[in-house]
Amino acid sequence: MKLGFIGCGNMASAIISGILAHGLAAPQEITVSALHQDTLDKVHERFQIATATDNRIPAQSDIVFLAVKPQFYENVIHEIADTITERQLIVSIAPGLSIEKLIRWFGKPVKLIRTMPNTPAMVGEGVTAVCPSASVTAQELAQVTSLFEACGTVELMPEHLVDAVVSVSGSSPAYVFLFIEAMADGAVRDGIPRAQAYRLAAQAVLGSAKMVLETGMHPGALKDMVCSPAGTTIEAVAAMEEAGLRHAVLAGMKACSDKTNRMK
């Protein structure tokens with residue numbers, strides 16, 4: 001199985017790292033392209049994979065990942081369209097670009113799988129929403145799914161919900177990092193050294209998320225378990241509610257969704 005990555009930023013590097021770590025492809029089976037040679041040199045040094053400054057690498061690839069920024073998709077697709085055949089799978093990782101629009105840019109029928117991964121894939125804890133075009137077979141979908149499972153979990157989604165995934169998982173690591181930073185600031189204010197404050201806050205978020213996933217309990221029920229009557233935790237929760245924590249999260253997600261919809 002030969003894989004091609006057009007673009008090799010953080011997300012492409014995370015996917016490649018997971019694929020290699022799980023032995024799903026050998027380094028010599030992966031080729032990446034990018035505009036700048038220094039970027040390619042760093043990727044080659046890290047992964048020992050083939051590199052190219054020419055984006056027309058699909059000709060030698062079975063699965064092609066379009067890993068450039070959304071605003072560059074149309075130009076890149078026009079550049080590579082004549083190298084794509086019916087045997088190849090195209091994987092998109094861009095928000096806001098529908099399967100219909102991407103196929104229209106190719107100017108011919110292609111097998112396309114639309115995905116929405118997130119940056120925790122860099123540490124093997126990502127989540128990727130996956131939506132195939134009608135021409136993709138179950139076997140082909142399973143093949144691509146296994147590649148993303150190498151760097152986290154996968155959720156199969158209907159396309160009308162893929163854009164909603166951007167606000168809840170694609171962009172949400174930024175919200176969580178903001179929350180961790182704020183908690184660490186609070187700890188520093190109480191006298192805890194900065195480095196230790198980040199470790200305490202990050203581990204608390206990691207452990208809490210794991211409780212939600214592994215217990216299957218409602219987050220509200222887990223919150224209630226920590227809130228003793230007249231205790232310290234309920235005081236903190238009350239203060240956060242008064243400051244509008246839930247509204248801030250909902251407003252941020254709405255702004256993210258609105259921006260995604262304007263990209264269509």
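**Figure 1. Charge distribution and overall make-up of the predicted model.** The mean positions of the 21 positive and 26 negative charges of the protein lie 3 Å apart. The model shown here and in the following views is a predicted one. Eleven helices and eight strands make up its secondary structure, and the C-alpha atoms fill a box of roughly 70 × 40 × 30 Å along the principal axes. The protein has 264 residues, of which 39% count as buried. About 14,500 Å² of surface is exposed, and carbon and sulfur atoms supply 59% of this area. Among contacts between residues at least 6 apart in sequence, 61% join residues at least 24 apart.

**Figure 2. The largest nonpolar core, with Phe106 and its contacts.** The core comprises 60 residues, and Phe5, Leu66, Tyr73 and Phe106 touch the most other members. Helix H1 (residues 10-21) provides the largest share of this core, namely six residues. In soluble globular proteins, nonpolar side chains tend to be buried together. Which residues does Phe106 touch, leaving aside those up to four places away in sequence? The contacts of Phe106 are with Leu66, Ile77, Ile80, Ala81, Ile84, Ile90 and Leu112. Leu66 thus appears in this view both as a contact of Phe106 and as one of the core residues that touch the most other members.

**Figure 3. The salt bridge between Glu140 and Lys111.** Eleven salt bridges are found in a search of the whole structure. In the one shown here, the closest N and O atoms of Glu140 and Lys111 are 2.7 Å apart. The pair links distant parts of the chain, with Glu140 in helix H5 (residues 138-149) and Lys111 in strand E6 (residues 111-116), 29 residues apart. Glu140 has a relative accessibility of 14% and therefore counts as buried, the limit for that class being under 20%.

**Figure 4. The buried salt bridge between Arg114 and Asp163.** The closest N and O atoms of this pair are 2.5 Å apart. Arg114 lies in strand E6 and Asp163 in helix H6 (residues 159-170), so the salt bridge ties together parts that are 49 residues apart in sequence. Are the two partners, Arg114 and Asp163, buried or exposed? Both are buried.

**Figure 5. The salt bridge between Lys223 and Asp224, and a network elsewhere in the model.** Side chains of opposite charge can pair when their charged atoms come close. For Lys223 and Asp224, the closest N and O atoms are 3.5 Å apart. Lys223 is partly exposed, with a relative accessible area of 34%, and Asp224 is likewise partly exposed, at 49% relative accessibility. A further panel shows Arg114, Glu159 and Asp163, which are joined into one network by salt bridges that share partners.

**Figure 6. Two loop residues with positive phi, Gln48 and Ala230.** Phi of Gln48 is near 60 degrees, a positive value in a residue other than glycine. Gln48 belongs to the loop between helix H2 (37-47) and strand E3 (50-52), and its relative accessible area of 48% makes it partly exposed. Phi of Ala230 is also near 60 degrees, again a positive value in a residue other than glycine. The loop that holds Ala230 runs between helix H9 (219-226) and helix H10 (232-243). Ala230 is exposed, because its relative accessible area is 82% and the exposed class covers values over 50%.

Note on methods: Residues numbered from 1 in each chain as written. Predicted model: local features only at pLDDT ≥ 70, side-chain atom pairs only at ≥ 80, totals over all residues. Heavy atoms only, no water. Helix = DSSP H or I, 4+ residues; strand = E, 2+ residues; numbered from the N terminus. Buried < 20%, exposed > 50% of the residue type's maximum accessible area, 1.4 Å probe, protein only. Contact = heavy atoms within 4.5 Å. Areas by Shrake-Rupley, 256 points an atom, 1.4 Å probe, with all protein chains shown as cover. Lys, Arg positive; Asp, Glu negative; His and termini not counted. Charge placed at Lys NZ, Arg CZ, Asp CG, Glu CD. Core = buried A, V, L, I, M, F, W, Y, C linked by side-chain atoms within 4.5 Å. Salt bridge = Lys/Arg side-chain N within 4 Å of Asp/Glu carboxyl O.
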